[in-house]
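Colleague: I should be grateful for a close look at the largest nonpolar core of this model and at what surrounds it. Which residues have the most contacts inside it, and which helices and strands supply it?

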Amino acid sequence: MKAPIEVSSVSSSTGESIEWTLITVAYNSAETLERYWRTPNVPGVEWIVVDNASTDRSAVAAERLGARVIRQPKNLGFGGANNVGFRASRGRYVAFVNPDVAVNIEDLPRLAQELDRDPFALISPQLTNEDGSLQANGRGLPYLFYKVRNRTNPSRLHGSYLHFVDEGEVVPV
């Protein structure tokens with residue numbers, strides 16, 4: 001059963017309550033957005049795409065896919081563009097989502113639950129590859145040994161440096 005998205009008291013100009021803002025920085029990302037963005041427009045979730053002065057059709061593609069697009073006249077870099085999106089966000093919760101990520105809307109309430117436990121937390125869901133295999137998206141302490149081993153033999157670092165989680169599990173990184 002899919003969990004409903006509960007909305008907070010934050011409202012848009014149309015009166016719609018916004019629980020989540022998903023922010024994507026695009027730079028010549030039209031094809032990537034079209035390939036990965038499968039998230040439907042859902043009440044309570046806004047998607048902001050900050051177009052970082054793309055020369056392709058990224059902004060048009062994002063608008064067609066349902067995003068609110070903020071076009072930048074110059075490339076602000078990844079961090080600067082995320083800051084623009086954050087300042088424009090209206091959600092109670094904010095997620096920074098790369099263009100090559102397909103968001104599972106049903107996971108947002110669980111992420112919100114974890115954020116409610118610690119309002120200063122940063123949370124990353126377990127990422128998966130297109131074939132369903134898990135991506136390591138948590139890291140241990142950045143000791144030089146781990147960094148070198150990660151480049152030469154990453155499978156030896158599972159659990160010590162590269163972190164994976166089982167469904168429902170929470171792992172501090």
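Modeller: The account below starts with the overall fold, turns to the core and its parts, and ends with a pocket and a loop. Please bear in mind that this is a predicted model.

The chain contains five helices and six strands, and along the sequence they follow the pattern β-α-β-α-β-α-β-α-β-α-β. Of its 173 residues, 35% count as buried. Among the contacts with a separation of 6 or more, 58% are between residues 24 or more positions apart.

The largest nonpolar core has 23 residues. Those with the most contacts inside it are W20, L22, W37, V45, W47, V49 and I105. At least two residues each are supplied by β1 (20-26), β2, α2 (58-64), β4 (93-96) and α4. The largest share, four residues, comes from α4. There is also a second, separate core of six residues, which includes V25, V50, I70 and V84.

Helix α4 (residues 108-117) merits attention on its own account. Its buried residues are L108, L111, A112, E114 and L115. Viewed down the helix axis, these buried residues fall within an arc of 160 degrees, so they line one face of α4. The general geometry of an α-helix is relevant here: with 3.6 residues a turn, residues three or four places apart point the same way. The cover over the buried residues of α4 includes strands β1, β2 and β4, each of which also supplies at least two residues of the largest core.

Strand β2 spans residues 45-51, and V49 lies in this strand. V49 counts as buried because its relative accessibility is 0%, against a cut-off of under 20%. When neighbours within four places in sequence are left aside, V49 is in contact with T24, A26, A62, A67, R68, V69 and I70. One of these partners, R68, is 19 residues from V49 in sequence, with a C-alpha to C-alpha distance of 6.2 Å. Another partner, I70, is among the residues of the second, separate core.

Helix α2 offers a further buried position, A61. At 2% relative accessibility, A61 falls under the 20% cut-off and therefore counts as buried. Apart from its neighbours within four places in sequence, A61 is in contact with A30 and E34. The C-alpha atoms of A61 and T32, which are 29 residues apart along the chain, are separated by 9.8 Å.

Strand β2 also contributes to the second largest pocket, where it provides the largest share of the lining, three residues. About 170 Å³ of space lies in this pocket. Its lining comprises 15 residues, of which N41, V45, E46, W47 and G66 lie nearest the centre. By class, the lining has eight nonpolar, three polar and four charged residues. V45 and W47 thus appear in two settings: they are among the residues nearest the centre of the second largest pocket, and they are also among those with the most contacts inside the largest core.

Beyond α4, P119 is found in the loop between that helix and β5 (138-139). P119 is classed as exposed because its relative accessible area is 65%, where the cut-off is over 50%. P119 and Y93 are 26 residues apart along the chain, and their C-alpha atoms are separated by 9.9 Å. P119 is thus exposed, whereas V49 counts as buried.

Note on methods: Residues numbered from 1 in each chain as written. Predicted model: local features only at pLDDT ≥ 70, side-chain atom pairs only at ≥ 80, totals over all residues. Heavy atoms only, no water. Buried < 20%, exposed > 50% of the residue type's maximum accessible area, 1.4 Å probe, protein only. 1 Å grid on protein atoms, 1.4 Å probe; cavity = no way out; pocket = protein on both sides within 12 Å on 5 of 7 lines; lining within 4 Å. Points joined across faces, edges and corners; volume = space filled by probe spheres on them. Nonpolar A, V, L, I, M, F, W, Y, C, P; charged D, E, K, R; others polar. Core = buried A, V, L, I, M, F, W, Y, C linked by side-chain atoms within 4.5 Å. Arc of directions from axis to C-beta. Contact = heavy atoms within 4.5 Å.
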